[in-house]
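Good morning, and thank you for joining. I would like to take a few minutes to go through one structure with you, beginning with its metal sites and ending with its cysteines.

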Amino acid sequence: SFRVDVPAGSVLFHQGDAPTSAFLLESGSIEVFTEQGDAIRRLGVLGAGDLLGEMAVLDDSPRTATARALSDCVLMPIDRKQFAERLDSADPVVRALLLSQISRYRSALAQLYGHGDPQAAAPAAPRDDASALALDKIRLESHLREALDKGELEVRLQPILDIASKRIAGFEALTRWTHPERGPISPAEFIALAEETSLIVPVGDYVLDAVCGALQRLGRQEQGEDIFVALNVSGRQLDDEQLLDRFLAVLHAHGIRPAQLKIEITESLVLDYAQVSRIIQRCHAAGLKVALDDFGTGYSNLGHLHKLEFDTLKMDQGFIRQMHEPRCLAIVRAVVAMADSLGCNIVAEGVETPEQLRALGELGCTYAQGWLIGKPLALDEAVALLGR
Ligand code: C2E
Ligand code: CA
Ligand code: CA
């Protein structure tokens, strides 16, 4: 039921009870007190609109106090599950902060009122795994901030081969972070971490700056097309309306033609198709190239593909890895043909063997990227690879 009537004088819950629900007090007043032997200490009196019993519900611990109606009351119970669900979906850092506050409050209460219950005095919450992970995250985040200040992120360049001409056509920028104590941390991890806060903005700017520096050294070819560098931009980053303008300003300041920068977008839950489509249009208006990354995984939706006018389709490495299987080869062939008829070029990711490269060449795939062509390289190595 939505409402519970509690007559004056009756007890809603006792100190030490297991929590079942919290309550919103709709009308009447309730006193909250602790009992220690004969000593009764009133913690407070609650009135209409107050929430009570939420603390025990949040950390699923026994009630720290007793609640008794001072007058006839009407209450609305709020189920434990309702809070638990919210709490589970909350940012882990926020959750850890909340639980640590509760546990601190509990131990303060225990000391003040002398419950004599060692259980109550021990701050339980911050010791669980979830909180430890959350604190770890905060720690890592400050380290990342510091690494950024010290210039400790390294932007590596993985070569992309034009299969037909056997020339390096461009590179993909892949960011590396070597943590002083933990060693290398995957960009998948630290980019996701940065995305949870505004830290992604300076990280993105840092990477773009490095990419521009690289393009100044790699950019111009004596013959053939200019070298491009592909930059990963997450959905979260693209949500920032000012991002493209900042990109263009930085490119301009470095004297780099926008067409030499290719933005790699991964389909994600952050952006809907209409948004991606608008971003692509804005990129094109500014002269930037756009690639759809990780095609064929996750959210790739053929029903929306025709609305996205990207220049390059990057076929996920999962397909390439299984190309020896006839059915997988059939899919790769179809994807190459589809890209062709959509008028975009195609990059096969994760090319590791000469057999894969040969098969891709026979299918008419434009570009190959992977360890066979080259690992992500330092700028000097990338320059050397171009034979300069
Ligand atoms: P991605 O864009 O799909 O990048 C390709 C990943 O495959 C890279 O992993 C690359 O090192 C790896 N790879 C390349 N060739 C091969 C191969 O032949 N075999 C195998 N097994 N793997 C290969 P990495 O560098 O760990 O990057 C992981 C992801 O992190 C990237 O996936 C990209 O989404 C993201 N990322 C990396 N740098 C940045 C960045 O600066 N900004 C943003 N927003 N995301 C980044
Ligand atoms: Ca990519
Ligand atoms: Ca990819």
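Four protein donors surround the calcium ion (ligand 2): E172 through OE, N232 through OD1, E264 through OE and D293 through OD. They lie 2.2 to 2.3 Å from the ion. Please bear in mind that this is a predicted model. Along the chain, the donors of this calcium ion (ligand 2) are spaced as E-x59-N-x31-E-x28-D.

Two of these residues deserve a closer look. E172 belongs to strand 10, residues 167–179, while D293 belongs to strand 14, residues 289–295. The pair is 121 residues apart and links distant parts of the chain. Are these two residues buried or exposed? E172 is buried, with a relative accessible area of 4%, and D293 is likewise counted as buried, at 6% relative accessibility.

D293 has a further role in the geometry: it coordinates both the calcium ion (ligand 2) and the calcium ion (ligand 3). The distance between these two ions is 3.9 Å.

Let me now turn to the cysteines. How many disulfides does the model contain? The count is 0. Why does C344 not form one? The closest cysteine sulfur to that of C344 is in C365, and at 11 Å it is too far for a bond; the cut-off for a disulfide is 2.5 Å between the sulfur atoms. Seen from C365, the closest cysteine sulfur is that of C344, again 11 Å away. As for their surroundings, C344 counts as buried at 8% relative accessibility, and C365 counts as buried at 5%.

Thank you; I welcome your comments.

Technical notes
Residues are numbered from 1 along each chain as its sequence is written. Chains are lettered from A and ligands numbered from 1 in the order in which they are written. This is a predicted model: local features need pLDDT of at least 70, side-chain atom pairs count only at pLDDT 80 or more; totals for chains, interfaces and linings use all residues. Side-chain values use heavy atoms; hydrogens and water are left out. Buried means under 20% relative accessible area, exposed over 50%, partly exposed in between (1.4 Å probe, protein chains only). Donors are N, O and S atoms within 2.8 Å of the metal (3.2 Å for Na, K and Ca); water is not among the atoms, so sites may look incomplete. Helices (H or I, at least four residues) and strands (E, at least two) are DSSP runs, numbered from the N terminus.
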